[in-house]
Amino acid sequence: MTMTQPADARSDAADAVLDVRDLRVSFGPGLDAVDGLTLTARRGETVALVGESGCGKTLSALTLSGLLPSGAAVSGSAVLDGLQLVGRREKQWRGLRGSKVSMIFQDAATALNPLMTVGAQIEEVMAIHGTHGRAERRERAVQLLASVGVPDAAHRARNHPHQLSGGMRQRVMIAIALAGSPDLVVADEPTTALDVTVQAQVLTLLRDSTRDAAVLFITHDMGVVAEIADRVVVMYAGKVVESGTVTEVLERPHHPYTVALLASVPDPDTPRVGELPTIPGRVPPLGERGTGCPFRDRCPKAQERCAEAPPLAAVGDTGSVAACWFPEHTAQTDPAEEATP
Ligand SMILES: Nc1ncnc2c1ncn2[C@@H]1O[C@H](COP(=O)(O)OP(=O)(O)OP(=O)(O)O)[C@@H](O)[C@H]1O
Ligand code: SF4
Ligand SMILES: [Mg+2]
C-alpha cells in the first residue's frame, strides 16, 4: 500500500464537473458526521455514495444542495463547475438550486407541493431559471414529463401529486430536477420507496436522462449500485473507506466493510430462504467514534495496528483507494504473514 493522495481524486479532478475535497460536516467538537469526504464526478457520470444508516450520506447530499440543518458547520471544499459551494449563504443558494444543482428525495409524496399541479411545479423551475415564455414553458414541461416516461403527459401535467402512483410521482421529481438543466443531480435513495419493477424502470430512466449532468446517487443497496453507478464511494461512520470504479469495487472489494456490504446483497439467481446476512454490530453513533479504524469493532480482520486510523491510500494499480491496514485483493502480504517464517 503506497501512502499517496487518493489516486482517483487526482487523475479525475481535471475533467470533473464536481470536485469535493476533504468535506466535513460537524455538530460540535468530536461530532463530525461527515469526516473528510473526497470525490469527483464528471458530466454524464453517476457516482454512488454507499453505506449503512448513519454513515453521513444524507448530510453529504444536503451540503451539496445548500440544505443543511442549522447547527451544522461545514468545512473543506466542494467546487461545482468552477463554483465553490461551501460557505454560500441561503440567498446565493436560491439562484443555484435547480440550475446548478438539484436534489431528488426518497419520498416524492412529501417533497412535491400537494396544492400545485405537477406541470405547474415543473414550469416554476423553468420560470426561475429560464427565459422561456409561458406557452413555451408549458410545452416543455409536457415534453419533459413524456421524456421521463409519464404516459399521456399533457393530461398528467394537469394532475395533482395525489392523483399519481408512487412511481409516477418519482418520475415527476426527476422531471423537476432536470427542468433547470443542472450540472449536478443529487439523488438520495430515490427508489427505495418503490417496488422492485418500478425501481428498475426509474433507475434506467434516471441514467438515460442525466447524460449532461453529474449524478451523485445515494443508496445503502449494493444491488442498486451495480445497476446505476460508474464509480462508487463507500462511507463508514462519516469517512470514505473505499472508492473506485464500479467494476473494481464490486468485483475486487478491498475494504472489509465493502466486502461485508456486498455479502449482504441478495443473489438474484438464488432464491433466498430466511433473512439476508447482515453485518453484526452497528455503525458507532456520533460522539462514540473515538480514534483508530472506525470499523474495527465489527471487522473480522481487526488487529492491534487497527487502533491507529488507517489513511485512505491507493490499493493495487487500478485507481481504487481504501482506508485499511490489511486490504483484500492486493498483491501486498499482511505484515503478520511476513513475520511468519
Ligand atoms: N441535525 C442533526 N443534528 C445532529 N446530528 C445529526 C443531524 N442530522 C444527522 N445527524 C447525525 O449525523 C449522522 C449522519 O446522518 P445522515 O442522515 O447523513 O446518515 P445517512 O447515511 O444518510 O443514513 P440513512 O441511511 O439512515 O439515511 C448520524 O449519526 C445522524 O444521527
Ligand atoms: S484497518 Fe483493521 S479494523 Fe479497519 S478495516 Fe482494516 S483490518 Fe479491519
Ligand atoms: Mg440518509
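Reader: Which residues are the closest to ligand 1, and how many residues surround ligand 1?

Author: In this predicted model, ligand 1 is surrounded by 14 residues, and the closest are Ser 53, Gly 54, Lys 57, Thr 58 and Leu 59. A residue is counted here if one of its heavy atoms lies within 4 Å of the ligand.

Reader: What makes the pair between Thr 58 and ligand 1 a polar contact?

Author: An N or O atom in the side chain of Thr 58 is 2.8 Å from an oxygen atom of ligand 1, and because the cut-off for such a pair is 3.5 Å, this one counts as a polar contact. By the same cut-off, a polar backbone atom of Gly 56, at 3.0 Å from an oxygen atom of the ligand, also qualifies, as does a backbone N or O atom of Leu 59, at 2.9 Å from an oxygen atom of ligand 1. Of the 640 Å² of accessible area that ligand 1 has on its own, the protein covers 63%.

Reader: Which helix gives the largest share of the shell around ligand 1?

Author: That share, three residues, comes from helix H2, which spans residues 57-65. By class, the shell holds six nonpolar, four polar and four charged residues.

Reader: How do you know that ligand 2 sits in the largest cavity?

Author: The test is that more than half of a molecule's atoms lie within 2 Å of the grid points of the cavity, and ligand 2 is assigned to the largest cavity on that basis.

Reader: What makes Cys 293 and Trp 325 count as nonpolar in the shell around ligand 2?

Author: Both are among the residues around ligand 2, and Cys and Trp belong to the nonpolar class; by class, this shell has nine nonpolar, one polar and two charged residues.

Notes:
Residues numbered from 1 in each chain as written. Chains lettered and ligands numbered in written order. Predicted model: local features only at pLDDT ≥ 70, side-chain atom pairs only at ≥ 80, totals over all residues. Heavy atoms only, no water. Polar contact = N/O pair within 3.5 Å; in protein donor to acceptor, adjacent residues only side chain to side chain. Areas by Shrake-Rupley, 256 points an atom, 1.4 Å probe, with all protein chains shown as cover. Helix = DSSP H or I, 4+ residues; strand = E, 2+ residues; numbered from the N terminus. 1 Å grid on protein atoms, 1.4 Å probe; cavity = no way out; pocket = protein on both sides within 12 Å on 5 of 7 lines; lining within 4 Å.
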